[in-house]
Amino acid sequence: RPVATTMAAKANVTLWTSYISPTRKFADDEARIKFLLEAKNIKYESIDLGTYGERRSEMERISHDPSLPQVHAFGRSWGGADELQIIADDEELERVFIEGKMPKWMETMEVVKSSGAKDKAKAEAEAAAAEQAAADEAAKKAKEEEAKRAEAESKARKKEEERRKAAEEAALRVKAAAEAQEAAEKAAKASGNPELNISCVDGPLKGTVDFKTSIFPVLLGRVQDPSKPPLDVALGGDDLTVSRQHLQVSLGADGQIRVKVLGGNGAVVNKETVAAGDEVALPWGTCECLVGQAHLLQFASTENPIAIAKREAAAQEEEASARATREEAEAKAKAEAEAAALRAKEAAAKAKLEEEEARAAAARAEARAAAASEARKKAEREAAEHERLQEAAEGKSALARKWLAAAEEREREAVQQARARAAERAKV
């Protein structure tokens with residue numbers, strides 16, 4: 001049956017439901033309604049009242065029933081899953097939900113209720129027209145199915161062509177990767193990287209592992225993990241004591257090949273146990289490494305002559321640089337000693353001059369101190385005179401205030417007497 005449940009927005013059929021399903025019966029009824037509609041390719045619009053609760057009034061205005069799920073078509077409610085099952089059993093789903101007509105048994109009841117042969121003939125004509133429309137719809141659906149089959153065949157041919165092109169592109173990518181690997185190895189050798197040969201000398205993979213490279217780092221493990229970088233050497237998936245990524249062989253800054261243990265069970269390098277997370281340097285030449293319980297690997301490394309020449313040239317350059325540095329330091333020290341002697345001489349002359357200036361400044365300071373003492377005594381005398389004059393002024397000011405108060409009192413008495421005389425005259 002079709003997968004899609006919600007069709008075009010212009011569908012004449014509406015399924016009212018809710019994502020909040022309180023019972024198992026609710027979910028079963030909703031699934032049964034969708035199955036019956038989709039089995040006949042009936043387009044419908046699904047409205048979830050759990051999301052669009054404001055549209056519940058629209059549903060109840062037509063059906064006058066708040067229960068869910070229910071189906072509406074052409075402005076009329078047709079009930080829930082049980083009612084649709086009855087219509088489906090009568091094979092009238094397309095008649096009701098596509099053509100917008102009533103079931104035949106309902107039309108028959110209308111015919112029986114109507115009076116006269118004219119109404120009966122009209123009903124029969126409508127039934128014949130409905131049958132003709134159903135036949136036309138079936139022919140139309142057959143044409144659509146044929147067109148769909150042709151489209152599916154065209155898509156299948158197109159996908160087959162795309163798969164063929166993808167396979168060719170994958171082959172080209174593999175070839176390009178091999179060429180890039182070869183070019184990288186040549187570049188690594190030219191840059192001075194050492195050569196490393198990894199082989200299995202004992203265990204289930206004895207004689208089957210032979211890996212040579214000059215490109216680092218190199219990953220060894222049990223099987224490839226899709227979420228991690230690809231393995232360079234896979235030891236198989238039977239020995240669970242070997243981790244998916246167990247060893248990492250890298251090139252140190254000093255040009256020495258180093259082995260870091262990534263697996264939790266550790267490893268044994270040249271009969272020495274190396275714990276998980278530890279790293280050990282490999283000596284030049286041949287050494288053995290036990291991985292897991294049964295895989296004995298042999299690492300054969302050869303230092304690149306270019307690297308040796310580079311190291312010797314670097315050592316000579318470092319020695320020349322050190323010699324130049326020493327000579328430069330000696331010349332710098334001699335120049336600094338001469339400059340220090342000159343600075344000391346200048347400092348002595350400057351100190352002598354400063355001492356003479358200090359004696360002159362001390363003499364000037366003593367003269368200023370004597371002048372300041374005389375000025376202080378003079379200021380004290382002036383202050384005493386000022387205090388005496390101020391006391392005399394304050395005495396005169398107090399006498400003046402006393403005279404002023406007496407004058408004000410006499411003036412108040414005169415005013416009161418004048419007011420009293422004026423009052424007496426007013427009475428008279």
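**Close-up 1. K377 and its charged neighbours on helix α7.** At 45% relative accessibility, K377 counts as partly exposed, because the exposed class begins only over 50%. Please keep in mind that this is a predicted model. K377 sits in helix α7, which covers residues 305–427. Together with R376, K378 and R381, K377 forms a patch of positive charge on the surface.

**Close-up 2. The aromatic pair of W78 and F97.** One aromatic pair is present in the structure. Its partners are W78 and F97, whose ring centres are 6.3 Å apart and whose planes meet at 70°, so the arrangement is edge-to-face. W78 belongs to the loop between β4 (76–77) and α3 (81–89), while F97 is in helix α4 (residues 93–97), so the pair ties together parts that are 19 residues apart in sequence. Are these two residues, W78 and F97, buried or exposed? Both are buried.

**Close-up 3. Two salt bridges along helix α6.** The structure holds 16 salt bridges, and this view takes in two of them, R163 with E160 and E161 with R164. In the pair of R163 and E160, the closest N and O atoms are 2.6 Å apart. These two residues are three residues apart in helix α6 (residues 117–190), and therefore about one helical turn separates them. R163 is partly exposed at 49% relative accessibility, and E160 is partly exposed too, with a relative accessible area of 45%. For E161 and R164, the N to O distance is 2.2 Å. E161 and R164 also lie three residues apart in helix α6, about one turn of the helix. E161 is partly exposed at 33% relative accessibility, as is R164, with a relative accessible area of 38%.

**Close-up 4. A salt-bridge network and the pair of E58 and R55.** K25, D29, R32 and D82 are joined into one network by salt bridges that share partners. Another salt bridge links E58 to R55, with the closest N and O atoms 3.2 Å apart. E58 is partly exposed, at 29% relative accessibility. R55 falls in the partly exposed class as well, with a relative accessible area of 26%.

**Close-up 5. Two cis peptide bonds that lead into prolines.** From L68 to P69 the peptide bond is cis, with omega near -5°. P69 is placed in the loop between α2 (56–63) and β3 (70–73). The peptide bond from F216 to P217 is cis as well, and here omega is near 0°. For P217, look in the loop between β6 (210–213) and β7 (218–221).

**Close-up 6. Positive phi at N41 and K271.** Neither residue is a glycine, yet phi is positive at N41, near 55°, and at K271, near 65°. N41 belongs to the loop between α1 (24–39) and β2 (45–48). K271 is in the loop between β11 (267–269) and β12 (272–274). How do they sit with respect to the surface? N41 is partly exposed, with a relative accessible area of 46%, whereas K271 counts as exposed at 79% relative accessibility.

**Close-up 7. P283 and Q256.** P283 is part of the loop between β13 (279–281) and β14 (285–291). With a relative accessible area of 38%, P283 is partly exposed. Although P283 and Q256 are 27 residues apart in sequence, their C-alpha atoms are 8.0 Å apart in space.

Key
Residues numbered from 1 in each chain as written. Predicted model: local features only at pLDDT ≥ 70, side-chain atom pairs only at ≥ 80, totals over all residues. Heavy atoms only, no water. Patch = residues over 30% accessible without salt bridge, like charges linked within 9 Å, V, L, I, M, F, W, Y side chains within 5 Å. Areas by Shrake-Rupley, 256 points an atom, 1.4 Å probe, with all protein chains shown as cover. Salt bridge = Lys/Arg side-chain N within 4 Å of Asp/Glu carboxyl O. Lys, Arg positive; Asp, Glu negative; His and termini not counted. Charge placed at Lys NZ, Arg CZ, Asp CG, Glu CD. Helix = DSSP H or I, 4+ residues; strand = E, 2+ residues; numbered from the N terminus. Buried < 20%, exposed > 50% of the residue type's maximum accessible area, 1.4 Å probe, protein only. Phe/Tyr/Trp six-rings, centres within 6.5 Å; stacked < 30°, edge-to-face > 60°.
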